Amino acid sequence: FSVPGGVLVQTSTHLVAVGQDCQELWKTPAPEQPLSGGPVDIEGTWVLASRDGRLWKIDPDSGRVLATYDAMQGVAAPPTSRGSDLLLGSDEGAVLTVPLSDFEEQ
């Protein structure tokens with residue numbers, strides 16, 4: 001996925017941020033399922049969603065997981081920011097609203 005300053009790659013075990021100079025910037029354990037799309041920048045953090053409905057807020061500078069959320073159903077597309085909420089398209093055809101305040105801090 002294209003991100004400011006480089007790319008974000010999901011391997012079978014890690015998320016890896018790679019800079020424009022092709023050097024690894026950071027590595028963090030990956031979600032068990034494929035991501036539904038690239039990260040969404042919200043107030044300086046990245047929000048990622050996996051296809052099984054798990055969401056992560058991560059620090060884009062270090063890869064540290066800051067908070068998580070389980071939508072309890074599959075997600076078909078990356079989240080969209082709407083004020084203090086995220087909108088998610090579920091794989092069941094619903095649009096889910098997730099308040100950012102519902103994320104569990106890590």
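pLDDT is the predictor's confidence in each residue, on a scale from 0 to 100. By that yardstick the protein does well, with an average of 93 and 100% of the residues at 70 or above. Among the elements, strand β3 (residues 14–19) has the highest mean, 97, and β12 the lowest, 87. Since the model is a predicted one, local features need a pLDDT of at least 70 and side-chain atom pairs count only at pLDDT 80 or more, while totals for chains, interfaces and linings use all residues. Residues are numbered from 1 along each chain as its sequence is written, and side-chain values use heavy atoms, with hydrogens and water left out.

Now for the sheet. Strands here are DSSP runs of E at least two residues long, numbered from the N terminus (helices would be runs of H or I of at least four), and two strands pair if DSSP finds at least two bridges between them. Five strands make an open, antiparallel sheet in the order β5-β6-β7-β8-β12. The edges go to β5 (40–42) and β12 (104–105); each has a single partner strand, so one side of each is left without a neighbour in the sheet. For β5, three bridges link it in antiparallel fashion to β6 (residues 45–49), and V40 has V47 of β6 as its bridge partner.

Further along the chain come two hairpins that share β10. Strand β9 (residues 80–82) and β10 (residues 85–89) run antiparallel and are joined by three bridges, with S81 opposite L86. Two residues separate β9 from β10, and in that turn G83 has a positive phi of about 65°. On to the next hairpin: β10 is tied to β11 (residues 95–99) by five bridges, again antiparallel, and D85 finds its bridge partner in P99. Here five residues lie between the strands, and G93 in the turn has a positive phi of about 90°. In a regular strand, side chains alternate between the two faces of the sheet. As for β10, L86 and L88 make up its covered face, whereas D85, L87 and G89 are on the uncovered one.

Two loops meet at P34 and S50. P34 sits in the loop between β4 (24–29) and β5, and S50 in the loop between β6 and β7 (54–58). Relative accessible area (1.4 Å probe, protein chains only) sorts residues into buried, under 20%, exposed, over 50%, and partly exposed in between. P34 counts as partly exposed because its value is 39%, and S50 counts as buried because its value is 0%. With contact taken as heavy atoms within 4.5 Å, and neighbours within four places in sequence left aside, P34 touches Q10, S50 and R51. The corresponding list for S50 is P31, Q33, P34, L35, S36, W56 and V75. P34 is also 10 Å from G53, C-alpha to C-alpha, with their positions 19 residues apart in sequence. The side chain of S50 makes a polar contact of 2.4 Å with that of D52; such a contact is a pair of N or O atoms within 3.5 Å, where within protein one must be able to donate a hydrogen and the other to accept it, and residues adjacent in sequence count only if both atoms are side-chain atoms.

Finally, K57 of strand β7 is a bit of an oddity: buried, yet without a salt bridge. A salt bridge puts a side-chain nitrogen of Lys or Arg within 4 Å of a carboxyl oxygen of Asp or Glu. Lys and Arg count as positive, Asp and Glu as negative, and His and the chain ends are not counted. The nearest side chain of opposite charge to K57 is E105, 4.9 Å away. Beyond four places in sequence, K57 is in contact with T45, W46, V47, R64, V65, L66, A67 and F103.
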